Amino acid sequence: MVFQVLVTRRVPDEAIQLLKDANCQLDYWESDEPIPRNELLNRVKGKHAIFCLLTEKIDAEVLDACGPQLKVVATMSVGYDHVNTKEIEKRGLQLGFTPGVLTDATATLNVALLLAVSRRIVEAAAEAKNGGWGTWKPMWMTGATLKGSTVGVVGFGRIGIAVCERLAPFGVCKFLYNDIAPREDVSKHLDAKFVDKDTLYAESDFIIACTVLNEETKGMFNKQVFSKMKKNAIFVNASRGGVVNQEDLYEALKNGEIRGAGLDVTVPEPIPLDHPLLTLKNCVVLPHIGSAEDATRTEMATLTSRNILAGLKGDKLPAAAKL
């Protein structure tokens with residue numbers, strides 16, 4: 001049997017070759033831009049598998065348009081809040097995602113973003129280009145230091161743990177974390193302490209969001225939370241844009257309630273060019289590049305293809321999402 005597979009974006013060739021080698025017939029939206037909704041609804045008809053990204057909302061409408069022959073949906077992402085898991089489960093489908101493979105890249109990006117904000121890298125680079133670099137001044141472009149600091153991580157999963165492992169050599173004095181429950185299996189070797197959120201906000205010099213996006217975490221970093229942080233606190237988010245109230249963050253940064261922020265994710269994406277956050281020197285915004293390493297993106301794509309091939313055979317997926 002020849003299986004029909006829809007691939008909704010241009011992805012690394014290795015992933016496409018895996019599907020072709022398995023004699024899958026591909027409907028390939030070979031573009032760097034997202035597939036339009038009407039194209040998605042049209043092209044999904046009759047497909048046995050969907051290879052999608054975060055930009056595609058996989059809901060009842062899409063699944064209905066696809067038809068009863070659909071076996072598996074695989075997303076090239078760690079998050080799968082764009083997929084209606086209740087509809088997937090109701091229809092007896094399998095859902096694949098890509099956990100683990102981008103942990104290193106995303107953790108490294110968190111550290112890079114933290115350093116960029118704390119050492120004012122983007123701001124300083126601009127001064128070198130616009131003529132602002134004059135004689136050496138003892139108090140010019142000074143930033144926060146990691147040595148002797150307290151780092152708080154909200155969400156102590158793979159990425160949160162990996163961030164702490166990478167920050168430890170910088171001489172961090174104390175790691176605090178908050179999650180659903182204490183992670184004694186890993187917190188000991190990191191010397192990380194489980195605390196409630198309010199304690200984490202009040203005591204941390206650097207606060208890193210590594211949490212999932214759900215109804216409980218949506219907008220959790222808001223005016224009330226920023227007011228609990230130190231005035232010299234630096235906030236970093238490379239998880240999901242939806243966990244931050246961006247208007248409240250802007251006010252906190254503008255009014256000096258916190259020292260700085262680094263964002264790799266926003267709502268919407270891309271962030272509008274006239275968004276007030278982009279006017280602030282103490283806010284670094286990146287275009288969602290957390291996993292943007294050649295090897296990482298290839299591994300993500302090939303895992304997505306392997307999830308699809310397993311699902312088409314009726315086998316257990318290499319990386320099955322929890323429904």
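G132 counts as partly exposed because its relative accessibility is 27%, a value between the 20% limit for buried and the 50% limit for exposed residues. The model is a predicted one. G132 sits in a loop, with helix α6 (121–130) on one side and strand β6 on the other. Leaving aside residues up to four places away in sequence, G132 touches E127 and W140.

The loop that holds G132 connects α6 to β6. Strand β6 spans residues 150–154 and pairs with β9. The two strands run parallel and are joined by four bridges. Within this pairing, G152 has I207 of β9 as its bridge partner.

Strand β9 covers residues 206–209. In a regular strand, side chains alternate between the two faces of the sheet. In β9, F206 and I208 lie on one side. I207 and A209 lie on the other. These four residues are all buried, and both faces of the strand are therefore covered.

Strand β9 also pairs with β10, residues 234–237. This pairing is again parallel, with four bridges. Here I207 has F235 of β10 as its bridge partner. I207 is thus a bridge partner of G152 and of F235. The connection from β9 to β10 involves helix α10, residues 223–228. Together, β9, α10 and β10 form a β-α-β unit of right-handed sense.

At the level of the whole chain, the model contains 12 helices and 12 strands. The radius of gyration is 22 Å. A compact globule of 323 residues would have a value near 20 Å, so the chain agrees with that expectation. Along the principal axes, the C-alpha atoms fill a box of roughly 70 × 50 × 30 Å.

Buried residues account for 50% of the 323 in the chain. The exposed area is about 15900 Å². Carbon and sulfur atoms supply 53% of that area. Contacts were also examined by sequence separation. Of those between residues at least 6 apart, 61% join residues at least 24 apart.

An unreviewed UniProt entry lists residues 5–319 as "domain: D-isomer specific 2-hydroxyacid dehydrogenase catalytic". In the model, this span is 36% helix and 15% strand. Its end C-alpha atoms lie 18 Å apart.

Technical notes: Residues numbered from 1 in each chain as written. Predicted model: local features only at pLDDT ≥ 70, side-chain atom pairs only at ≥ 80, totals over all residues. Heavy atoms only, no water. Buried < 20%, exposed > 50% of the residue type's maximum accessible area, 1.4 Å probe, protein only. Pairing = 2+ DSSP bridges. Right-handed = clockwise from strand over helix to strand, strands pointing away. Rg over C-alpha atoms; globule rule 2.2 N^0.38 Å. Contact = heavy atoms within 4.5 Å. Areas by Shrake-Rupley, 256 points an atom, 1.4 Å probe, with all protein chains shown as cover. UniProt positions renumbered as here; feature names shortened; annotations may be inferred.
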